[in-house]
Amino acid sequence: DESRFEAFLKSNDQKAVEAIRKAEQETKMKQDKVQEIKKLNAQIAAIKSEMAKYEESLDECQAYKKFLDELTPPEYVKDQKEAHEQERLRKIAERKEARQTARAEQDRALEEAFNADMETLRGVKGRRADPKTVQAREGEYAAARAALAKEREAEDRADEAWDPDGGKPFQPPMYFRRPQQLLEVFAGLEERNLLLIQNSQETEEQVEDLRHKLHATRARMDQHTTALKTQAAGLQAAIVSEEGRAAA
């Protein structure tokens, strides 16, 4: 019994040691996971911070681009759009031309093959070509032509819908390539503003001059009107006086 009890105690001690070892391993694994999670969270935070900086830079660049687009000469945008449209039409024409060239070559090859077959069927001297064989070959040729026609209808629809730009709206290339261009635009705007200010001042001076002339003209007209009224009153008084003497 004593030996079995000692064996039991020894077994329990081993189990306790094993349990402690496993607990320590699990604790270490948990700590490692926690550290790994902290490291990943730090990396995520750093990436988010970097993305925020890039987004801020992007917003700033877009604001600058909008500002430069507003300063871009309209004639430059018009010329670029016209040139792009011509290039787009050229690509469409080239695509159609290449398609027609390929079709012509395809038709030629098909017809040459058919003619060669017919020559072979009819070229044996002293023997007539089998009508059924000729008819079958002609049917194959007609079927091939019909299949090509159907295939080309689909190609034509695809060509009509084809857009060299891939459906993307055209954006003219940036007008400003050198800082000097921006300075030239600013100089032009400044000169235009100075001219507008000068014209505005001249207009104000002209308006003021007209105002003074109107005031002087009105004053002269008032004086003239007063004089005419006085003269009319004098004439009326003279008429009344003459009528009184005539009645006496």
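Start by selecting Ile 197, which sits in helix α4 (residues 179-247); helices here are DSSP runs of H or I with at least four residues, numbered from the N terminus. This is a predicted model, in which local features need pLDDT of at least 70 and side-chain atom pairs count only at pLDDT 80 or more, while totals for chains, interfaces and linings use all residues. Residues are numbered from 1 along each chain as its sequence is written, and side-chain values use heavy atoms, with hydrogens and water left out.

Stay on Ile 197 for a moment: with 46% relative accessibility, Ile 197 is partly exposed. That class lies between buried (under 20% relative accessible area) and exposed (over 50%), using a 1.4 Å probe and protein chains only. Now add Asn 41 and draw a line between the two C-alpha atoms: 61 Å separates them, and the two residues are 156 apart along the chain.

**Stop two: a nonpolar patch**

Select Phe 67, Leu 183 and Phe 186, which make a nonpolar surface patch of about 280 Å². Nonpolar patches join side chains of Val, Leu, Ile, Met, Phe, Trp or Tyr within 5 Å, from residues with over 30% relative accessible area and no salt bridge. The areas come from the Shrake-Rupley method with a 1.4 Å probe. Phe 67 belongs to helix α1 (residues 2-71) and is partly exposed at 37% relative accessibility.

**Stop three: the largest pocket**

Which residues line the largest pocket? Select Lys 65, Asp 69, Thr 72, Tyr 76, Val 77, Gln 171, Pro 172, Pro 173, Met 174 and Tyr 175 to show the lining. The space inside is about 160 Å³, a volume filled by probe spheres set on grid points that are joined across faces, edges and corners. A pocket is an open set of points on a 1 Å grid over the protein atoms alone, where a 1.4 Å probe fits, with protein on both sides within 12 Å along at least five of seven lines; lining residues have an atom within 4 Å of a point.

Colour the lining by class and you will find 6 nonpolar, 2 polar and 2 charged residues. Here Ala, Val, Leu, Ile, Met, Phe, Trp, Tyr, Cys and Pro count as nonpolar, Asp, Glu, Lys and Arg as charged, and the others, Gly among them, as polar. Helices α1 and α2 (74-122) each give at least two residues to this lining.

Keep Pro 172 selected and add Ala 83: their C-alpha atoms are 10.0 Å apart, with their positions 89 residues apart in sequence. Ala 83 is in helix α2 and is partly exposed, at 42% relative accessible area.

**Stop four: salt bridges**

Side chains of opposite charge can pair when their charged atoms come close. The whole structure has 20 salt bridges, each a side-chain nitrogen of Lys or Arg within 4 Å of a carboxyl oxygen of Asp or Glu.

Begin with Arg 90 and Glu 94, whose closest N and O atoms are 2.3 Å apart. They are about one helical turn from each other, because they are 4 residues apart in helix α2. Arg 90 is partly exposed at 36%, and Glu 94 is partly exposed at 43%.

Next, select Asp 156 and Arg 103, a salt bridge at 3.0 Å, N to O. Asp 156 is in helix α3 (residues 131-161) and Arg 103 in helix α2, so the pair ties together parts 53 residues apart in sequence. Is Arg 103 buried or exposed? Arg 103 is buried, at 9%, whereas Asp 156 is partly exposed, at 34%.

Finish with Arg 152 and Asp 107, whose closest N and O atoms are 2.8 Å apart. This pair also links distant parts of the chain, with Arg 152 in helix α3 and Asp 107 in helix α2, 45 residues apart. Arg 152 is buried, at 14% relative accessible area. As a last selection, show Arg 95, Arg 99, Arg 103, Glu 155, Asp 156 and Asp 159, which salt bridges with shared partners join into one network.

How values were computed:
Patches are made of residues with over 30% relative accessible area and no salt bridge: like charges are joined within 9 Å, nonpolar side chains (Val, Leu, Ile, Met, Phe, Trp, Tyr) within 5 Å.
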